[in-house]
Amino acid sequence: MENTVGKILQILGFIVIGIGVLLAIIFASETGSIGMALSALFTSSVGGMVLIGFAEIIRLLERVVQKVNPFPSAAQSIKSGVEVTNQPVGLTEENKEEIKAFLQKNDIQYDRILSTPREDFFIVVLKYEAMLIELGGFQPKLISKEKWPHDLKHWYEAQENNQ
């Protein structure tokens, strides 16, 4: 799940750093003062890094909230004003390799890996069953289908019926 505020703060941080570099070049060429150029560069770098740091804090806090309550029910989402999305989060190559390595290490044969609407949660389709795999901790964690949250079971069944 991508947090819009965090993404905006991160972009603003890079913009502030970029403007600082441009100002440092302009100050150095216009005034010939290296001190003034370094001052502008240092100030903008610190400000930009603070914004990027806040963006990272927001991203980490969002992950903590998802760990505490990774599958909010539709009723909770409506009450809190958060829209539940049915669009799966993309499966990156890094995630795919981590899942494959974990499955090979545990001698688990799989047919395919599906991304879910939740970040760091993926469905591994085996020959006769499907399992939920959680990434993001120290090591991946498998969750049997009997222990899946109700809304994720419905999402998976809807995906299977559409194929």
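Helices (H or I, at least four residues) and strands (E, at least two) are taken here as DSSP runs, numbered from the N terminus, and a helix's expected span is 1.5 Å times one less than its number of residues. The model is predicted, so local features need pLDDT of at least 70 and side-chain atom pairs count only at pLDDT 80 or more, while totals for chains, interfaces and linings use all residues. Residues are numbered from 1 along each chain as its sequence is written, and side-chain values use heavy atoms, with hydrogens and water left out.

Helix 2 (residues 34-68) has 35 residues and reaches 50 Å from its first C-alpha to its last, close to the 51 Å expected at 1.5 Å a residue. Its axis and that of helix 1 (residues 4-31) come within 8 Å and cross at roughly 175°; axes are lines fitted to C-alpha atoms, for helices over the stretch in contact, with angles from 0 to 180 degrees between N-to-C directions. That makes helix 1 roughly antiparallel to helix 2, a label for angles over 145 degrees. By class, their contact (heavy atoms within 4.5 Å) has 21 nonpolar, nine polar and no charged residues; nonpolar covers Ala, Val, Leu, Ile, Met, Phe, Trp, Tyr, Cys and Pro, charged covers Asp, Glu, Lys and Arg, and the others, Gly among them, are polar. The buried residues of helix 2 (under 20% relative accessible area, 1.4 Å probe, protein chains only) include Ala37, Gly48 and Ile52, and the buried set packs against helix 1.

Further along comes the sheet. Four strands make an open sheet in the order 1-2-3-4, with antiparallel pairing; a pair needs at least two DSSP bridges. Strand 1 (112-115) and strand 4 (141-143) sit at the edges with a single partner strand each, so one side of each has no neighbour in the sheet. The twist averages 30° from one strand to the next. Helix 5 (residues 150-162) lies across strand 1, strand 2 (121-125) and strand 3, at about 120° to strand 1.

Strand 3 (residues 130-134) shares three bridges with strand 4 and five with strand 2. Leu132 faces Ile143 in strand 4 and Ile123 on its other flank, in strand 2. Five of the five residues of strand 3 are buried, so it is largely enclosed by the rest of the structure. One of them, Glu134, has a relative accessible area of 11%. Its bridge partner in strand 4 is Lys141, and its contacts beyond four places in sequence include Lys67, Asp120 and Phe121.

How values were computed
Angles under 35 degrees count as roughly parallel, over 145 as roughly antiparallel, 65 to 115 as roughly perpendicular and the rest as oblique. Buried means under 20% relative accessible area, exposed over 50%, partly exposed in between (1.4 Å probe, protein chains only).
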